[in-house]
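Visitor: Please take one strand of this model and look at it closely, then follow the chain outward to its surroundings. Plain description will do.

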Amino acid sequence: MSGPRLAERVFLVTGAAGGIGAGVTRAILEERGRVALADLDLDRAERVAAMVDPDGSSTCAFQGDVSSVEDVAAVVRGTLDRFERLDGAVNNAGAVTLDEAWDATAADWKHQLDVNVTGSFLVAKAVGMHLKTTGGGSIVNVSSNCGKVGYRNMAAYNASKAAVIGLTRSLSMEWAEHGINVNAVCPGGVDTPMLRGVAEWLSPRLDIPADELLSGMGPAQLARRVSPLEVGRVIAFLLSDDALIIRGQAINVDGGDTPY
C-alpha cells in the first residue's frame with residue numbers, strides 16, 4: 001500500500017459517541033479519512049470528535065435517531081453540506097435490553113429491531129441513494145457474534161443482529177451494479193460500555209461481582225477483551241478499495257470465539 005487507504009474520503013458513522021463507534025472514527029482518521037459522527041447523544045459525539053480531531057478539520061457531529069427517516073435524511077444532508085462529499089457509512093448504532101425471553105416486552109423487542117435492523121437499513125438506503133449517483137462507495141454494518149451464535153437473555157438482540165447479516169447479503173447483491181460494496185463485521189468481547197452493562201446486569205443474578213464477570217468476557221485465544229480501535233481498523237479496511245473483493249460477508253472480529 002502506497003498511502004492512506006481512505007485519504008479525503010468521508011464516512012458517516014452512527015452510534016459514534018463511544019465504544020465501537022469511537023474506535024471506528026479513530027481508525028478512519030488514521031487512514032486520513034473524514035467522519036460525520038451521528039448519535040442520539042450529541043454532547044458525547046462532539047466530545048469524541050474534539051478528542052480525536054482537535055482542530056475540527058476532519059469531523060463533524062450530528063444528533064439523530066437512526067430509526068427516523070427524517071433524522072437520517074437530515075444527517076446525510078448535513079454531512080454533504082459540511083464536506084461536499086460522502087463515500088459510505090458504518091452502521092454501528094445499536095440497542096440492547098437484557099431479559100429472559102419469558103419476560104421480554106413487545107416494546108423492548110420493537111425498540112431493538114427498530115434501532116439495530118431498521119436503523120441500519122434506513123441509513124444504508126439514504127447513503128446508498130447518494131452513492132448510486134456518484135459512482136459507488138462502501139457500507140459496513142456492525143452485526144455481532146450474537147447474530148451467529150446467540151446468547152441467553154438477549155433474544156431480541158440475537159435476532160436483530162442475525163437480521164443485519166441477512167440485510168448485508170441482500171444489499172450486497174442488489175447494489176453491486178451501482179459500485180456499492182456492503183459487508184458486515186461481527187464483534188464479540190469488545191471493551192465497551194455495552195459489555196460492562198451486560199456484566200452489571202448479570203452480576204446480581206449470578207452473585208458474582210461485575211468486574212469479575214467482565215474480566216472473563218474477553219476471547220479465550222486473546223486472554224483479554226478486544227479494543228474498539230481494533231474493530232475499527234478492520235472496518236476501515238473494509239471501507240477501502242483494498243476490500244473490493246470482499247462482498248456481502250459477515251466477518252468475525254471476536255478473537256476467534258466464533259469459528260464460522
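**Strand S6 and its surroundings**

Guide: In this predicted model, Gly-137 stands opposite Ile-180 in S6. That position belongs to the pairing of S5 (residues 137–142) with S6, which is parallel and extends over six bridges. Between the two strands the chain passes through helix H5 (residues 155–175), and the β-α-β crossover made in this way is right-handed.

S6 also pairs with S7: the two run parallel and are joined by four bridges. Within that pairing, Ala-184 of S6 stands opposite Ala-250 in S7.

The strand itself, residues 180–187, is mostly covered, with eight of its eight residues buried. In a regular strand, side chains alternate between the two faces of the sheet. Here Ile-180, Val-182, Ala-184 and Cys-186 point one way from S6, while Asn-181, Asn-183, Val-185 and Pro-187 point the other way. Both sets are buried.

Cys-186 can be taken further. Its relative accessibility is 0%, so Cys-186 counts as buried. The closest cysteine sulfur to that of Cys-186 is in Cys-146, at 9.6 Å, and this is too far for a bond. The cut-off for a disulfide is 2.5 Å between the sulfur atoms, and a search of the whole structure finds zero disulfides. Another cysteine, Cys-60, is buried as well, with a relative accessible area of 11%.

After S6, the next element to consider is helix H6 (residues 193–206), which holds both Arg-196 and Glu-200. These two residues are four apart, about one turn of the helix. They form a salt bridge in which the closest N and O atoms are 3.7 Å apart. Glu-200 is partly exposed, at 45% relative accessible area, and Arg-196 is also partly exposed, at 32%.

Arg-196 has a further partner in Asp-211, where the closest N and O atoms are 3.0 Å apart. Asp-211 lies in helix H7 (residues 210–215) and Arg-196 in H6, so this salt bridge ties together parts that are 15 residues apart in sequence. With a relative accessibility of 52%, Asp-211 counts as exposed.

Elsewhere, salt bridges with shared partners join Arg-5, Glu-31 and Asp-242 into one network. Arg-85 and Asp-87 form a salt bridge too, with their closest N and O atoms 2.8 Å apart. In that pair, Arg-85 is partly exposed at 32% relative accessibility, whereas Asp-87 is buried at 13%. The count for the structure comes to 11 salt bridges.

Past S7 (250–253), the segment that follows the strand contains Tyr-260. In contrast to the buried residues of S6, Tyr-260 is exposed, with a relative accessible area of 52%. Tyr-260 forms a nonpolar patch on the surface with Val-149 and Tyr-151. Together the three residues have about 310 Å² of accessible area.

To return to the strand: S6 pairs in the parallel sense with S5 and runs parallel to S7, and its eight residues are buried.

Technical notes:
Residues are numbered from 1 along each chain as its sequence is written. This is a predicted model: local features need pLDDT of at least 70, side-chain atom pairs count only at pLDDT 80 or more; totals for chains, interfaces and linings use all residues. Side-chain values use heavy atoms; hydrogens and water are left out. Buried means under 20% relative accessible area, exposed over 50%, partly exposed in between (1.4 Å probe, protein chains only). Patches are made of residues with over 30% relative accessible area and no salt bridge: like charges are joined within 9 Å, nonpolar side chains (Val, Leu, Ile, Met, Phe, Trp, Tyr) within 5 Å. Accessible areas come from the Shrake-Rupley method with a 1.4 Å probe; for residues, only the protein chains shown count as cover. A salt bridge is a side-chain nitrogen of Lys or Arg within 4 Å of a carboxyl oxygen of Asp or Glu. Two strands pair if DSSP finds at least two bridges between them. A crossover is right-handed if, with the strands pointing away from the viewer, the path from the first strand over the helix to the second runs clockwise.
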